[in-house]
Amino acid sequence: MSKIWSREPKHLLLARNRIKVLRDGAFFGYGSLTSLDLQQNQISLVEEGTFQGLTRLRTLLLQHNRLGTLSEEALIPMPNLRYLRLYDNPWNCECPMDSLIRTLQVPSNRNLGNHARCAEPLRQRNRKLKEIDAELLCKESPSTGTPQGDQTDPTSLIQPSPIRSKQDATALCHTYIFPQIRLDCRNRGLTKVPTGIPEDVVHIDLSHNAIRHLRAKDFHGARSLRTLNLSHNKMEHIDTGSLSGLLHLRELDLSENGLYFVQYGVLEDLYFLSQLKLEGNPWVCDYSIHYMVYWLRLHPAVKHSGLLCHSPPEHTGESVEEYVHSYNRECPKERQHSRTDSDQTDPELWNTPLEAQGELEEEEQEPSHLRMPQKYQIIRLS
């Protein structure tokens, strides 16, 4: 089948189709593949010889399917496999899963099968495959999920309380490998940025959720991130360190949120940002908004849109840049001095008590931590 390609493909994207069964030899002729994406299908059966010949495969995505069981034999033809996604499948954690679970629990396979959980039997529900005691799997009867020979009435067993799992990015979101690693977390009902964001992710879409607050280190470790979409949330506050370390971020979308301003320091690490979307926020035009304008002036290559005053009423609809410009044009009343210009320029007043008094008044306006010692010396330079 790969003969139709001028070059043997290295990445094969088959996600979001209606594939139900993977037969033996399904990928014969694709020996150059390094990544295979089969997520979001309807796969319920993978035969043991399905992946025969894929000796170079490093990434296999099988999450969001209908798999209840999978044999270790299916993985043997892939000696270089480093990333295996199996979560969001209805795994039946009974004896036929023994070999797979033992393989996943080998310490060197730390990136195989993370976050995959049992759907049945009841006593194992919501437990991670990596945490199941493999010794007990084949000692339990398949009908009741209790050890063989134990005649306890199954109706009398105490059902475990559901496990509240953390909001983990790889379990909650769709991951796409080709052409670049992309995390699709749209419309997932998230109230905060999920944990466990992969270090090598390039694009993250967190739009259309209910995130209100970006906290420090929410994206810690995502050093390769290029685009970040946070639009259509309920964002009201961004901590100073929430975007720290994103040195390579090129596009940031903060549109359609509830931001009144962006506090000082939030954007300091975004050295290579080229696009910033800000529309649809209730920007308040007071002194708090100045940081955003000054940062944009220092980064003229950044294309931005939507920075318009929402309040107070006298500035509604005005661009924030124009507001800051008009603010700086007007001299604040507290900086105006009562003495006339002639008092400051008349040479006859030089070295007089009046001049010294004027200088003392100016010093008193400085903040206390900037004041000079209480000793004044007037030197005239002719």
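Q: Where is the place of P121?
A: This is a predicted model, and in it the peptide bond running from E120 to P121 is cis, with omega near 0°. That's worth a look, as most peptide bonds are trans. As for its place, P121 sits in the loop between strand 8 (118–120) and helix 2 (134–137).

Q: Which residue does a cis peptide bond join to S311?
A: Look at the loop between strand 17 (303–305) and helix 5 (320–329), where P312 has its place. The bond there has an omega of about 0°, and the partner of S311 in this cis peptide bond is P312.

Q: Is Q40 buried or exposed?
A: Q40 is in the loop between strand 3 and strand 4 (45–46), and its phi is positive, near 60°, though the residue isn't glycine. To settle the matter, the cut-off for buried is under 20% relative accessible area. Q40 comes in at 16% relative accessibility, so it counts as buried.

Q: And N187, buried or exposed?
A: Here's another residue other than glycine with a positive phi, near 55°. You'll find N187 in the loop between strand 10 (182–184) and strand 11 (203–205). Exposed means over 50% relative accessible area. N187 has 58% relative accessibility, so it counts as exposed.

Q: What is the volume of the largest cavity?
A: Searching the whole structure turns up one cavity of 30 Å³ or more. For the largest cavity, the volume works out at about 50 Å³.

Q: Which elements give two or more residues to the lining of the largest cavity?
A: The lining is made up of H11, L12, L13, S35, L36, D37, L61, I177 and F178. Match those residues to the elements, and the ones giving two or more are strand 1 (11–13) and strand 3 (35–37).

Q: How many residues in the lining of the largest cavity are charged?
A: Among the lining residues are L12, L36 and F178, along with D37. Aspartate belongs to the charged class, while leucine and phenylalanine count as nonpolar. Sorted this way, the lining has six nonpolar residues and two polar ones, and the number of charged residues is one.

Q: What is the accessible area of the nonpolar patch that L247, Y271 and F272 form?
A: Take Y271 to start with: it lies in the loop between strand 15 (251–253) and strand 16 (275–277). Its relative accessible area is 54%, so Y271 is exposed. Together with L247 and F272 it forms a patch on the surface, and the accessible area of the three together is about 320 Å².

Definitions and conventions. Residues numbered from 1 in each chain as written. Predicted model: local features only at pLDDT ≥ 70, side-chain atom pairs only at ≥ 80, totals over all residues. Heavy atoms only, no water. Patch = residues over 30% accessible without salt bridge, like charges linked within 9 Å, V, L, I, M, F, W, Y side chains within 5 Å. Areas by Shrake-Rupley, 256 points an atom, 1.4 Å probe, with all protein chains shown as cover. Salt bridge = Lys/Arg side-chain N within 4 Å of Asp/Glu carboxyl O. Helix = DSSP H or I, 4+ residues; strand = E, 2+ residues; numbered from the N terminus. Buried < 20%, exposed > 50% of the residue type's maximum accessible area, 1.4 Å probe, protein only. 1 Å grid on protein atoms, 1.4 Å probe; cavity = no way out; pocket = protein on both sides within 12 Å on 5 of 7 lines; lining within 4 Å. Points joined across faces, edges and corners; volume = space filled by probe spheres on them.
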